[in-house]
Amino acid sequence: MKVGFIGLPQSGKSTLFAAITGEQPDPYAQPAPRHSVVKVPDGRLDYLTELHHPKKVIEATIEFVDMPGVSMDGDKGQEEWRRLLPVIRQMDLLVAVVRDFEDPSVAAYRDRIDPKADFEAVWDELIFADLDAVTTRIERIRSALKKPTKTHENEQRELSLLERCLAALESAVPLSEVISTDEDRKAVSSFAFLTERPIVCVRNVGDDRADESAGIDVAHVKASLTLCASIEAEIAALDEADRGPFLADLGLEQPARDRLIRACYRACGLISFLTVGSDEVRAWTIRAGDTAAVAAGKIHTDLQRGFIRAETVAYDDLVAHTDMKGARAAGKVRKEGKTYVVADGDILNILAST
(Lines give C-alpha, C1' and ligand atoms only; values in the text may rest on other atoms or scores of the structure.)
Protein backbone atom coordinates (compact mmCIF):
# COMPACT_ATOMS: atom_id res chain seq x y z
CA MET A 1 0.00 0.00 0.00
CA LYS A 2 1.21 3.49 -0.87
CA VAL A 3 0.12 6.33 1.41
CA GLY A 4 0.67 9.93 0.35
CA PHE A 5 0.98 12.82 2.83
CA ILE A 6 -0.59 15.98 1.42
CA GLY A 7 -1.21 19.35 3.02
CA LEU A 8 -0.74 23.08 2.87
CA PRO A 9 2.57 24.78 3.74
CA GLN A 10 3.46 24.93 7.44
CA SER A 11 0.96 22.22 8.36
CA GLY A 12 3.68 20.09 9.97
CA LYS A 13 3.24 17.40 7.34
CA SER A 14 6.95 16.71 6.92
CA THR A 15 7.43 16.67 10.70
CA LEU A 16 4.72 14.01 10.92
CA PHE A 17 6.44 12.08 8.12
CA ALA A 18 9.62 12.13 10.23
CA ALA A 19 7.65 10.88 13.25
CA ILE A 20 6.18 7.99 11.28
CA THR A 21 9.31 6.97 9.38
CA GLY A 22 12.13 8.12 11.65
CA GLU A 23 13.67 9.97 8.70
CA GLN A 24 14.51 13.63 9.17
CA PRO A 25 14.11 16.02 6.22
CA ASP A 26 17.17 17.54 4.59
CA PRO A 27 16.74 21.32 4.97
CA TYR A 28 18.93 21.92 1.93
CA ALA A 29 17.19 19.50 -0.44
CA GLN A 30 14.99 20.76 -3.25
CA PRO A 31 11.25 20.18 -2.67
CA ALA A 32 10.37 16.73 -3.99
CA PRO A 33 8.34 13.69 -2.89
CA ARG A 34 10.16 11.63 -0.22
CA HIS A 35 9.56 7.88 0.02
CA SER A 36 10.00 5.59 3.01
CA VAL A 37 8.91 1.99 3.64
CA VAL A 38 7.69 1.36 7.20
CA LYS A 39 7.09 -1.97 8.88
CA VAL A 40 3.56 -2.45 10.21
CA PRO A 41 3.76 -3.09 13.96
CA ASP A 42 2.06 -6.36 14.92
CA GLY A 43 2.59 -7.74 18.41
CA ARG A 44 1.17 -11.09 17.31
CA LEU A 45 4.39 -11.76 15.44
CA ASP A 46 6.37 -11.53 18.69
CA TYR A 47 4.41 -14.36 20.28
CA LEU A 48 4.60 -16.52 17.16
CA THR A 49 8.34 -15.90 16.89
CA GLU A 50 8.86 -17.11 20.46
CA LEU A 51 6.79 -20.17 19.60
CA HIS A 52 8.46 -21.18 16.35
CA HIS A 53 11.97 -19.63 16.48
CA PRO A 54 11.91 -19.05 12.70
CA LYS A 55 14.94 -18.21 10.59
CA LYS A 56 13.29 -14.91 9.68
CA VAL A 57 10.30 -12.73 10.56
CA ILE A 58 8.64 -10.63 7.89
CA GLU A 59 6.26 -7.83 8.84
CA ALA A 60 3.75 -6.26 6.49
CA THR A 61 4.92 -2.89 5.13
CA ILE A 62 3.49 0.44 4.03
CA GLU A 63 5.23 2.90 1.71
CA PHE A 64 4.73 6.47 2.91
CA VAL A 65 5.32 9.34 0.49
CA ASP A 66 5.68 12.92 1.72
CA MET A 67 4.52 15.39 -0.92
CA PRO A 68 5.95 18.92 -0.76
CA GLY A 69 3.54 21.41 0.79
CA VAL A 70 2.12 23.57 -1.98
CA SER A 71 0.56 27.00 -1.67
CA MET A 72 -2.62 27.06 -3.71
CA ASP A 73 -2.32 30.83 -4.13
CA GLY A 74 -0.97 32.05 -7.45
CA ASP A 75 0.13 30.47 -10.70
CA LYS A 76 3.42 29.12 -9.32
CA GLY A 77 1.65 27.10 -6.64
CA GLN A 78 -0.88 25.73 -9.09
CA GLU A 79 1.88 24.76 -11.50
CA GLU A 80 3.73 22.92 -8.71
CA TRP A 81 0.50 21.13 -7.69
CA ARG A 82 -0.10 19.95 -11.26
CA ARG A 83 3.48 18.69 -11.42
CA LEU A 84 2.87 16.56 -8.33
CA LEU A 85 -0.47 15.14 -9.47
CA PRO A 86 0.97 12.12 -11.37
CA VAL A 87 2.77 11.02 -8.20
CA ILE A 88 -0.26 11.65 -5.97
CA ARG A 89 -2.44 9.59 -8.32
CA GLN A 90 -0.21 6.57 -7.65
CA MET A 91 -1.25 6.55 -3.98
CA ASP A 92 -3.74 4.05 -2.58
CA LEU A 93 -4.67 6.38 0.27
CA LEU A 94 -4.14 10.07 1.07
CA VAL A 95 -3.34 11.50 4.49
CA ALA A 96 -4.36 15.16 4.65
CA VAL A 97 -2.45 16.97 7.41
CA VAL A 98 -4.01 20.19 8.71
CA ARG A 99 -2.58 22.67 11.19
CA ASP A 100 -4.18 23.36 14.55
CA PHE A 101 -1.27 24.80 16.56
CA GLU A 102 0.00 28.29 17.36
CA ASP A 103 3.68 29.02 16.80
CA PRO A 104 4.87 32.60 16.15
CA SER A 105 8.07 31.25 14.60
CA VAL A 106 6.10 29.36 11.92
CA ALA A 107 3.99 31.62 9.73
CA ALA A 108 0.41 30.44 9.32
CA TYR A 109 -0.91 29.76 5.84
CA ARG A 110 -3.17 32.65 4.78
CA ASP A 111 -2.60 34.15 8.26
CA ARG A 112 -5.05 31.79 9.91
CA ILE A 113 -5.22 28.69 12.10
CA ASP A 114 -8.33 26.93 10.82
CA PRO A 115 -7.96 23.17 10.33
CA LYS A 116 -11.42 22.72 8.81
CA ALA A 117 -10.86 25.48 6.27
CA ASP A 118 -7.44 24.06 5.43
CA PHE A 119 -8.92 20.62 4.84
CA GLU A 120 -11.58 22.14 2.58
CA ALA A 121 -8.83 23.92 0.62
CA VAL A 122 -7.04 20.60 0.05
CA TRP A 123 -10.32 18.85 -0.73
CA ASP A 124 -11.24 21.49 -3.33
CA GLU A 125 -7.96 20.87 -5.14
CA LEU A 126 -8.67 17.14 -5.30
CA ILE A 127 -12.10 17.89 -6.74
CA PHE A 128 -10.68 20.35 -9.29
CA ALA A 129 -7.99 17.88 -10.39
CA ASP A 130 -10.59 15.16 -11.08
CA LEU A 131 -12.91 17.69 -12.68
CA ASP A 132 -10.18 18.74 -15.10
CA ALA A 133 -9.44 15.11 -16.03
CA VAL A 134 -13.12 14.29 -16.56
CA THR A 135 -13.85 17.43 -18.57
CA THR A 136 -10.88 16.85 -20.86
CA ARG A 137 -11.86 13.24 -21.54
CA ILE A 138 -15.53 14.11 -22.16
CA GLU A 139 -14.52 16.68 -24.77
CA ARG A 140 -12.36 14.10 -26.56
CA ILE A 141 -15.08 11.45 -26.54
CA ARG A 142 -17.71 13.86 -27.84
CA SER A 143 -15.35 14.82 -30.65
CA ALA A 144 -14.66 11.15 -31.46
CA LEU A 145 -18.37 10.31 -31.52
CA LYS A 146 -18.86 12.74 -34.42
CA LYS A 147 -16.88 10.35 -36.63
CA PRO A 148 -17.98 6.83 -37.63
CA THR A 149 -15.86 4.26 -35.77
CA LYS A 150 -16.22 0.70 -34.50
CA THR A 151 -15.75 1.87 -30.91
CA HIS A 152 -18.86 4.07 -30.69
CA GLU A 153 -20.69 1.75 -28.32
CA ASN A 154 -17.81 1.60 -25.82
CA GLU A 155 -17.22 5.33 -26.06
CA GLN A 156 -20.90 6.02 -25.48
CA ARG A 157 -20.84 3.90 -22.31
CA GLU A 158 -17.73 5.69 -21.08
CA LEU A 159 -19.29 9.05 -21.86
CA SER A 160 -22.40 8.19 -19.87
CA LEU A 161 -20.28 7.22 -16.85
CA LEU A 162 -18.08 10.31 -17.10
CA GLU A 163 -21.10 12.58 -17.37
CA ARG A 164 -22.31 11.14 -14.06
CA CYS A 165 -18.85 11.78 -12.65
CA LEU A 166 -18.95 15.35 -13.92
CA ALA A 167 -22.30 16.04 -12.28
CA ALA A 168 -21.00 14.66 -8.98
CA LEU A 169 -17.78 16.67 -9.03
CA GLU A 170 -19.62 19.88 -9.88
CA SER A 171 -21.55 19.30 -6.64
CA ALA A 172 -18.30 18.53 -4.74
CA VAL A 173 -19.32 14.87 -4.37
CA PRO A 174 -16.35 12.45 -4.38
CA LEU A 175 -16.20 9.91 -7.16
CA SER A 176 -16.03 7.12 -4.59
CA GLU A 177 -19.78 7.70 -4.21
CA VAL A 178 -20.40 7.46 -7.96
CA ILE A 179 -18.07 4.69 -9.10
CA SER A 180 -19.51 1.78 -7.18
CA THR A 181 -19.31 -1.30 -9.39
CA ASP A 182 -16.30 -3.33 -10.52
CA GLU A 183 -17.25 -2.60 -14.14
CA ASP A 184 -17.23 1.15 -13.53
CA ARG A 185 -13.94 0.97 -11.62
CA LYS A 186 -12.33 -0.90 -14.48
CA ALA A 187 -13.65 1.62 -17.00
CA VAL A 188 -12.05 4.59 -15.23
CA SER A 189 -9.01 2.89 -13.67
CA SER A 190 -6.58 4.65 -16.01
CA PHE A 191 -7.64 8.06 -14.65
CA ALA A 192 -6.60 7.21 -11.06
CA PHE A 193 -9.15 9.70 -9.75
CA LEU A 194 -8.10 11.34 -6.48
CA THR A 195 -11.57 11.52 -4.97
CA GLU A 196 -11.86 7.76 -5.39
CA ARG A 197 -9.08 7.40 -2.84
CA PRO A 198 -9.86 6.94 0.85
CA ILE A 199 -8.67 9.92 2.91
CA VAL A 200 -7.42 10.10 6.48
CA CYS A 201 -7.39 13.56 8.08
CA VAL A 202 -4.71 14.28 10.69
CA ARG A 203 -5.12 17.37 12.86
CA ASN A 204 -1.65 18.49 13.96
CA VAL A 205 -1.86 20.18 17.38
CA GLY A 206 0.60 21.89 19.70
CA ASP A 207 2.70 20.34 22.46
CA ASP A 208 0.18 21.30 25.14
CA ARG A 209 -2.50 19.18 23.46
CA ALA A 210 -0.42 16.10 22.62
CA ASP A 211 -2.77 13.84 24.57
CA GLU A 212 -5.80 14.69 22.46
CA SER A 213 -7.04 11.84 20.30
CA ALA A 214 -10.36 12.77 18.69
CA GLY A 215 -10.13 14.00 15.13
CA ILE A 216 -12.03 16.90 13.61
CA ASP A 217 -15.43 16.60 12.02
CA VAL A 218 -14.88 16.95 8.27
CA ALA A 219 -16.72 15.35 5.39
CA HIS A 220 -15.41 12.81 2.89
CA VAL A 221 -12.82 11.15 5.17
CA LYS A 222 -12.57 7.51 6.23
CA ALA A 223 -10.79 8.34 9.49
CA SER A 224 -9.78 11.42 11.44
CA LEU A 225 -7.30 11.63 14.30
CA THR A 226 -5.31 14.19 16.28
CA LEU A 227 -1.53 14.06 16.75
CA CYS A 228 1.23 16.40 17.83
CA ALA A 229 3.80 15.94 15.06
CA SER A 230 6.63 17.79 16.84
CA ILE A 231 6.37 15.69 20.01
CA GLU A 232 5.90 12.48 18.01
CA ALA A 233 9.03 13.24 15.97
CA GLU A 234 10.98 13.60 19.23
CA ILE A 235 9.61 10.27 20.45
CA ALA A 236 10.57 8.56 17.17
CA ALA A 237 14.15 9.79 17.61
CA LEU A 238 14.48 8.15 21.04
CA ASP A 239 15.85 4.69 21.67
CA GLU A 240 13.12 2.05 21.66
CA ALA A 241 13.44 1.46 25.41
CA ASP A 242 12.90 5.15 26.20
CA ARG A 243 9.76 5.65 24.15
CA GLY A 244 7.33 3.91 26.49
CA PRO A 245 7.96 6.14 29.53
CA PHE A 246 7.86 9.26 27.34
CA LEU A 247 4.49 8.24 25.90
CA ALA A 248 3.15 7.42 29.36
CA ASP A 249 4.11 10.88 30.62
CA LEU A 250 2.06 12.36 27.80
CA GLY A 251 -0.92 10.12 28.49
CA LEU A 252 -0.45 8.22 25.23
CA GLU A 253 -0.57 4.47 24.83
CA GLN A 254 0.94 4.24 21.35
CA PRO A 255 3.18 6.39 19.13
CA ALA A 256 1.86 8.20 16.08
CA ARG A 257 3.18 5.50 13.75
CA ASP A 258 0.97 2.82 15.28
CA ARG A 259 -2.13 5.02 15.46
CA LEU A 260 -1.79 6.30 11.92
CA ILE A 261 -1.12 2.86 10.43
CA ARG A 262 -4.21 1.48 12.17
CA ALA A 263 -6.24 4.36 10.74
CA CYS A 264 -4.86 3.67 7.25
CA TYR A 265 -5.77 -0.01 7.52
CA ARG A 266 -9.32 0.88 8.61
CA ALA A 267 -9.69 3.45 5.85
CA CYS A 268 -8.64 0.96 3.17
CA GLY A 269 -10.52 -1.97 4.72
CA LEU A 270 -7.35 -4.02 5.22
CA ILE A 271 -6.60 -6.88 7.60
CA SER A 272 -3.65 -9.19 8.23
CA PHE A 273 -3.45 -12.96 8.18
CA LEU A 274 -0.42 -14.86 9.42
CA THR A 275 1.69 -17.81 8.33
CA VAL A 276 4.07 -19.66 10.64
CA GLY A 277 6.84 -22.23 10.47
CA SER A 278 10.45 -22.88 11.33
CA ASP A 279 11.61 -21.05 8.21
CA GLU A 280 9.42 -17.98 8.47
CA VAL A 281 6.78 -16.18 10.51
CA ARG A 282 5.03 -13.60 8.37
CA ALA A 283 2.14 -11.14 8.28
CA TRP A 284 0.26 -10.73 4.99
CA THR A 285 -2.08 -7.87 4.08
CA ILE A 286 -5.40 -8.51 2.34
CA ARG A 287 -8.77 -6.76 2.13
CA ALA A 288 -11.47 -7.52 4.65
CA GLY A 289 -13.86 -9.94 2.96
CA ASP A 290 -11.17 -11.69 0.92
CA THR A 291 -11.46 -15.48 0.78
CA ALA A 292 -8.96 -18.18 1.66
CA ALA A 293 -8.27 -18.67 -2.05
CA VAL A 294 -7.38 -14.98 -2.45
CA ALA A 295 -5.16 -15.18 0.64
CA ALA A 296 -3.43 -18.21 -0.86
CA GLY A 297 -2.78 -16.22 -4.02
CA LYS A 298 -1.18 -13.49 -1.93
CA ILE A 299 1.41 -16.04 -0.81
CA HIS A 300 1.90 -17.52 -4.29
CA THR A 301 -0.28 -17.69 -7.40
CA ASP A 302 0.31 -21.46 -7.60
CA LEU A 303 -1.36 -21.87 -4.19
CA GLN A 304 -4.48 -20.12 -5.40
CA ARG A 305 -4.56 -22.05 -8.67
CA GLY A 306 -4.16 -25.44 -6.98
CA PHE A 307 -6.03 -24.58 -3.77
CA ILE A 308 -7.45 -27.61 -1.94
CA ARG A 309 -8.12 -26.31 1.56
CA ALA A 310 -6.80 -24.07 4.31
CA GLU A 311 -6.01 -25.23 7.82
CA THR A 312 -7.02 -22.28 9.97
CA VAL A 313 -6.83 -21.20 13.60
CA ALA A 314 -7.60 -17.78 15.07
CA TYR A 315 -4.59 -16.14 16.73
CA ASP A 316 -6.48 -15.63 20.01
CA ASP A 317 -7.45 -19.31 20.08
CA LEU A 318 -3.84 -20.31 19.52
CA VAL A 319 -2.68 -18.12 22.40
CA ALA A 320 -5.48 -19.37 24.67
CA HIS A 321 -4.26 -22.94 24.14
CA THR A 322 -0.54 -22.10 24.07
CA ASP A 323 0.35 -23.53 20.68
CA MET A 324 -0.97 -25.34 17.61
CA LYS A 325 -0.96 -28.69 19.38
CA GLY A 326 -3.11 -27.32 22.20
CA ALA A 327 -5.44 -25.51 19.79
CA ARG A 328 -5.87 -28.69 17.77
CA ALA A 329 -6.67 -30.73 20.89
CA ALA A 330 -9.30 -28.12 21.82
CA GLY A 331 -10.93 -28.36 18.39
CA LYS A 332 -9.95 -24.82 17.41
CA VAL A 333 -8.08 -25.77 14.24
CA ARG A 334 -10.46 -25.88 11.28
CA LYS A 335 -10.34 -27.03 7.67
CA GLU A 336 -11.82 -24.39 5.39
CA GLY A 337 -12.56 -24.28 1.67
CA LYS A 338 -11.68 -21.66 -0.90
CA THR A 339 -14.78 -19.52 -0.17
CA TYR A 340 -13.95 -19.13 3.54
CA VAL A 341 -13.73 -15.42 4.42
CA VAL A 342 -10.45 -14.81 6.22
CA ALA A 343 -10.61 -12.95 9.55
CA ASP A 344 -7.96 -10.60 10.90
CA GLY A 345 -5.35 -12.61 12.79
CA ASP A 346 -6.18 -15.95 11.19
CA ILE A 347 -3.19 -18.26 10.96
CA LEU A 348 -3.37 -20.11 7.66
CA ASN A 349 -1.66 -23.21 6.34
CA ILE A 350 -2.59 -23.71 2.67
CA LEU A 351 -2.78 -27.14 1.10
CA ALA A 352 -2.65 -27.04 -2.70
CA SER A 353 -2.01 -29.42 -5.57
CA THR A 354 1.16 -28.94 -7.58
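"Buried" here means under 20% relative accessible area. All the close-ups below come from a predicted model.

**View 1. Helix 1 is mostly covered.** Helix 1 is the stretch from 13 to 21, and 7 of its 9 residues count as buried. The buried ones are Lys13, Leu16, Phe17, Ala18, Ala19, Ile20 and Thr21. Look just past the end of helix 1 and you'll find glycine 22, which takes a positive phi of about 80°.

**View 2. Helix 1 meets helix 7.** Here helix 1 comes together with helix 7 (residues 229-237), their axes coming within 8 Å and crossing at roughly 30°. Since angles under 35 degrees count as roughly parallel, helix 1 is roughly parallel to helix 7. The crossing itself is left-handed. On the helix 1 side, the residues to pick out are Thr15, Leu16, Ala18 and Ala19; across from them, helix 7 brings Ala229, Ser230, Glu232, Ala233 and Ala236. Sort this contact by class and you get 6 nonpolar, 2 polar and 1 charged residues. Leu16, Ala18 and Ala19 from this contact are also among the buried residues of helix 1.

**View 3. Two phenylalanines meet edge-to-face.** The structure holds 5 aromatic pairs, and this close-up shows one of them, phenylalanine 5 with phenylalanine 64. Their rings sit 5.6 Å apart, centre to centre, with 75° between the planes. That angle makes the pair edge-to-face, because planes over 60 degrees apart are put in that class. Phenylalanine 5 belongs to strand 1 (residues 2-7) and phenylalanine 64 to strand 4 (residues 61-66), so this pair links distant parts of the chain, 59 residues apart. Both phenylalanine 5 and phenylalanine 64 are buried. Add Phe17 to Phe5 and Phe64, and you have one aromatic cluster. Phe17 is also one of the buried residues of helix 1.

**View 4. A phenylalanine and a tryptophan stack.** Phenylalanine 273 and tryptophan 284 form a stacked aromatic pair, 6.2 Å centre to centre and with 10° between the planes. Phenylalanine 273 is in strand 8 (residues 270-275) and tryptophan 284 is in strand 9 (residues 280-287), so the pair ties together parts 11 residues apart in sequence. How much relative accessible area does phenylalanine 273 have? The value for phenylalanine 273 is 0%, so this residue is buried. Tryptophan 284 has 9%, so it is buried too.

**View 5. Tyrosine 340 sits in a loop.** This close-up takes you to the loop between strand 11 (334-336) and strand 12 (346-352), where tyrosine 340 lies. Is tyrosine 340 buried or exposed? With a relative accessible area of 17%, tyrosine 340 is buried. Not counting residues up to four places away in sequence, tyrosine 340 touches Asp290, Thr291, Ala292, Thr312, Arg334 and Asp346. Have a look at alanine 293 as well: tyrosine 340 and alanine 293 are 47 residues apart in sequence, and their C-alpha atoms are 8.0 Å apart in space.

**View 6. Aspartate 184 in helix 6.** For the last stop, find helix 6 (residues 182-188), which holds aspartate 184. The relative accessible area of aspartate 184 is 14%, so this residue is buried. Which residues does aspartate 184 contact, leaving aside its neighbours within four places in sequence? Leu161, Arg164, Val178 and Ile179 are the ones in contact with aspartate 184.

Conventions
Residues are numbered from 1 along each chain as its sequence is written. This is a predicted model: local features need pLDDT of at least 70, side-chain atom pairs count only at pLDDT 80 or more; totals for chains, interfaces and linings use all residues. Side-chain values use heavy atoms; hydrogens and water are left out. Axes are lines fitted to C-alpha atoms, for helices over the stretch in contact, and angles run from 0 to 180 degrees between N-to-C directions. Helices (H or I, at least four residues) and strands (E, at least two) are DSSP runs, numbered from the N terminus. Angles under 35 degrees count as roughly parallel, over 145 as roughly antiparallel, 65 to 115 as roughly perpendicular and the rest as oblique. A crossing is left-handed if the near helix is turned anticlockwise from the far one by less than a right angle, and right-handed if clockwise. Contact means heavy atoms within 4.5 Å. Ala, Val, Leu, Ile, Met, Phe, Trp, Tyr, Cys and Pro count as nonpolar, Asp, Glu, Lys and Arg as charged, and the others, Gly among them, as polar. Rings of Phe, Tyr and Trp (its six-membered ring) pair if their centres lie within 6.5 Å; planes under 30 degrees apart count as stacked, over 60 as edge-to-face and the rest as tilted. Buried means under 20% relative accessible area, exposed over 50%, partly exposed in between (1.4 Å probe, protein chains only).
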